[in-house]
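Biologist: I would like to go through this structure with you step by step, beginning with its pocket. Could we take one question at a time?

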Amino acid sequence: MREINLKITDKEYLDFLSISLNDELSVEEKLKQIIRYHVIVYRNQKKLKNKSEYAYKKLYRFDYKNNLNEYLKIILKYL
């Protein structure tokens, strides 16, 4: 487990505390929630990038002139 230390002003802390309390969370829980959210978003972006690269490579090598229906199915699958 890692420990994170932040230097923030009292006003920033109180503002964040009010946000946390509105969500019925402690400051620590709210920070963990924010970090988890950003990690999930980051991982999903990586997955999407990998899928789109895979689809591009698959389409790039595909002989679409001879088999247009299959080509369109592949495009629609990755949209």
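Modeller: Gladly, and please keep in mind that this is a predicted model. The largest pocket is lined by 15 residues, and those lying nearest its centre are Ile-4, Glu-28, Leu-31, Lys-32 and Ile-35.

Biologist: Which helix gives the most to the lining of the largest pocket?

Modeller: Two helices, H1 (10-22) and H2 (27-60), each supply at least two residues of that lining. The lining divides into nine nonpolar, one polar and five charged residues. With six residues in the lining, the helix that gives the most is H2.

Biologist: Glu-28 and Lys-32 both lie nearest the centre of that pocket; what separates them along helix H2?

Modeller: The side chains of Glu-28 and Lys-32 meet in a salt bridge, with 3.2 Å from N to O. Glu-28 counts as exposed because its relative accessibility is 52%, over the 50% cut-off, while Lys-32, at 41%, is partly exposed. Because the two are four residues apart in helix H2, the separation is about one helical turn.

Biologist: Which residue forms a salt bridge with Lys-11?

Modeller: Lys-11 is exposed, with a relative accessibility of 58%, and its partner is partly exposed, at 37%. The two are four residues apart in helix H1, so they are separated by about one helical turn. The side chains meet at 3.2 Å, N to O, and the partner is Asp-15.

Biologist: Is Lys-30 buried or exposed?

Modeller: The side chain of Lys-30 meets that of Asp-23 in a salt bridge of 2.5 Å, N to O, and Asp-23 is partly exposed, with a relative accessible area of 39%. Lys-30 has a relative accessibility of 11%, and because buried means under 20%, Lys-30 counts as buried.

Biologist: Which residues does Ser-20 touch, not counting those up to four places away in sequence?

Modeller: Ser-20 is found in helix H1, and because its relative accessibility is 0%, Ser-20 counts as buried. With neighbours up to four places away in sequence set aside, the residues that Ser-20 touches are Leu-25, Ser-26, Val-27 and Lys-30.

Biologist: Where in the protein is confidence lowest?

Modeller: The protein averages a pLDDT of 81, and 71% of the residues score at least 70. Where pLDDT is low, the predicted coordinates should not be read in detail. Confidence is highest in H1, at a mean of 94, and lowest, at a mean of 68, in helix H3.

Technical notes: Residues are numbered from 1 along each chain as its sequence is written. This is a predicted model: local features need pLDDT of at least 70, side-chain atom pairs count only at pLDDT 80 or more; totals for chains, interfaces and linings use all residues. Side-chain values use heavy atoms; hydrogens and water are left out. On a 1 Å grid over the protein atoms alone, a cavity is a set of points where a 1.4 Å probe fits but cannot get out, and a pocket is an open set with protein on both sides within 12 Å along at least five of seven lines; lining residues have an atom within 4 Å of a point. Ala, Val, Leu, Ile, Met, Phe, Trp, Tyr, Cys and Pro count as nonpolar, Asp, Glu, Lys and Arg as charged, and the others, Gly among them, as polar. Buried means under 20% relative accessible area, exposed over 50%, partly exposed in between (1.4 Å probe, protein chains only). Contact means heavy atoms within 4.5 Å. pLDDT is the predictor's confidence in each residue, from 0 to 100. A salt bridge is a side-chain nitrogen of Lys or Arg within 4 Å of a carboxyl oxygen of Asp or Glu.
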